[in-house]
Amino acid sequence: MTGRTADSTIKGFLYQFNKTLLEVTQADDDEIITVEGLVEDVDIYSADGSLNAIQCKYHESQDKFTGSLIYKPLLQMAEAFSKNPKKDIKYTIFLHVPNEVIGVRNVEKEMLNEAMATDNQSLIKIVARIENNFDADEFLKNVKIEFGTSIDELEVEVKKSLGKYKLSGSDIDTLLYPNAITKISKLSSLKSEAHRKISNNDLRKYLSSVTTTAISKWTLSLKNRKEILNKTKKQLANSFSQNSRERCFYFDIHEIEEFEERIVVFIGNYLNKYHSKPSHLKTPIFAMNIDFSSIKDIQYRLFIKGIKANTGLVGDVFEVDNFYKDPIQIIQKSKIENREFDLRLLALSSEQHAINHRKGDDLYLVCSSTPECIETTDINYYQVGTNNFNELEYVVSLRNSHE
């Protein structure tokens, strides 16, 4: 995938998340929004049983609007209507095309006919699923095109809407907005439709409780990436300034660049700063989604650097009590002369539940979403979903720059 395509894809998702947020923050108290709904990207259910189904499209590179840009969503909506013609559903194609006048337009029957007559093989399959008794005229009464602003302008509108929550002491740019985007992105990834529902009040309650900025690939794609990283570093500074904290890092090895090349160096840098003095009482845990074979390789590479890791393995058997035992250490003249081991190294793919066996103080999730096997109740947890080690070392104060 080229850089331009990747950037375009991310913008497309962010446009959808922003539109979803705008609908949530402007929704009535009795309205429920489903992210990635059964019908479209955004399903808005009203108390009277009616539904507004919105599909979002972002065409930043197009010079002007042509019907072919919406053939797919239009046909998908026609299919949904043909199967439920009596349901009270209004369909909206929300899209951005530069140079188009912002506002709502009707879909002309000629455009629908052209879409139905397509020779595109993937679209022909959708046409084939449309019921034979499809009432095109009735469908067109219930569908519209809404031309929206650019993603930057939509972001401004969302932030203004979030400002109406008037949450005391909450910075919109680096706290409320990034966390709101992350919340919507997480909802969109959930399997169950029931779990993808949110209301205006739900979002307000969630944002009133957040105290740290969630870092994800979505928030780090925003214009103020640098400000978000700076804010997160300041937020985490208090936790890392305390010596007696039992900390756990979880890594999704597929979501951070150069994991194999950088993980041993990262652990070494962390130990040098945060676990090298007698006052550093709690042994840190580094968990990752790899198996016992791979964890042994990392253990050996650490050993070569003079760092001893406890994997919990006795022979080839994992013993949770052995994993959580306290290391024997020798301290002379306020200096650590020897430790039985310097860290705990957990292979989460081989031993899923050991991470929950004993709740520590702080959990740092270096991933975009929390694995189902990790419990986050009764522990301080932080979403640090950056995809590179420079930024990770920066926000945990191991380096002065994230470049």
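This report covers the nonpolar cores, two helices, one sheet, the cysteines and two residues with positive phi in a predicted model.

Residues are numbered from 1 along each chain as its sequence is written, and side-chain values use heavy atoms, with hydrogens and water left out. Because the model is predicted, local features need pLDDT of at least 70 and side-chain atom pairs count only at pLDDT 80 or more, while totals for chains, interfaces and linings use all residues.

**Nonpolar cores**

A nonpolar core is here a set of buried Ala, Val, Leu, Ile, Met, Phe, Trp, Tyr and Cys residues joined through side-chain atoms within 4.5 Å. Buried means under 20% relative accessible area, exposed over 50%, and partly exposed in between, with a 1.4 Å probe and protein chains only. The largest core has 89 residues, and the members that touch the most others are Phe249, Phe251, Ile263, Phe266, Phe286, Met288 and Leu345. Helix 10 (residues 259–274) supplies the largest share of this core, 8 residues. Helices (H or I, at least four residues) and strands (E, at least two) are DSSP runs numbered from the N terminus.

Leaving aside residues up to four places away in sequence, Phe266 is in contact (heavy atoms within 4.5 Å) with Phe249, Phe251, Phe286, Phe389, Leu392, Glu393, Val396 and Leu398. A second, separate core of 31 residues includes Leu51, Met77, Val107 and Phe147. In soluble globular proteins, nonpolar side chains tend to be buried together.

**Helices 9 and 4**

Helix 9 (residues 225–240) has 16 residues and reaches 22 Å from its first C-alpha to its last, close to the expected 22 Å; the expected span is 1.5 Å times one less than the number of residues. Its buried residues are Ile228, Leu229, Thr232, Lys233, Gln235, Leu236, Ser239 and Phe240. These pack against helix 7, strand 8, helix 10, strand 16 (362–366), strand 17 (380–383) and helix 13 (389–395).

In helix 4 (residues 121–129), Leu123, Ile126 and Val127 are the buried residues. They lie on the same side of helix 4 because they cover an arc of only 100° around the axis, taken from the directions from the helix axis to the C-beta atoms. On the other side of helix 4, Gln121, Lys125 and Ala128 are exposed. Helix 2 (71–83) and helix 3 (109–116) are among the elements covering the buried residues.

**Sheet**

An open sheet of 7 strands has the order 5-6-4-3-2-1-7 with mixed pairing; two strands pair if DSSP finds at least two bridges between them. Strand 5 (103–106) and strand 7 (197–198) are the edge strands, each pairing on one side only. Strand 2 (residues 42–45) and strand 3 (residues 51–58) run antiparallel and are joined by 4 bridges. Tyr45 has Leu51 in strand 3 as its bridge partner.

**Cysteines**

The count of disulfides is 0, a disulfide being a pair of cysteine sulfur atoms within 2.5 Å. The sulfur of Cys373 cannot be counted as bonded, because the closest cysteine sulfur, in Cys367, is 10 Å away, too far for a bond. Cys373 is buried at 15% relative accessibility, and Cys56 is buried at 9%.

**Positive phi**

The table lists two residues other than glycine that have a positive phi.

| Residue | Phi | Loop | Relative accessibility |
|---|---|---|---|
| Lys166 | near 55° | between helix 6 (151–163) and helix 7 (172–189) | 72%, exposed |
| Glu258 | near 55° | between strand 8 (247–251) and helix 10 | 48%, partly exposed |
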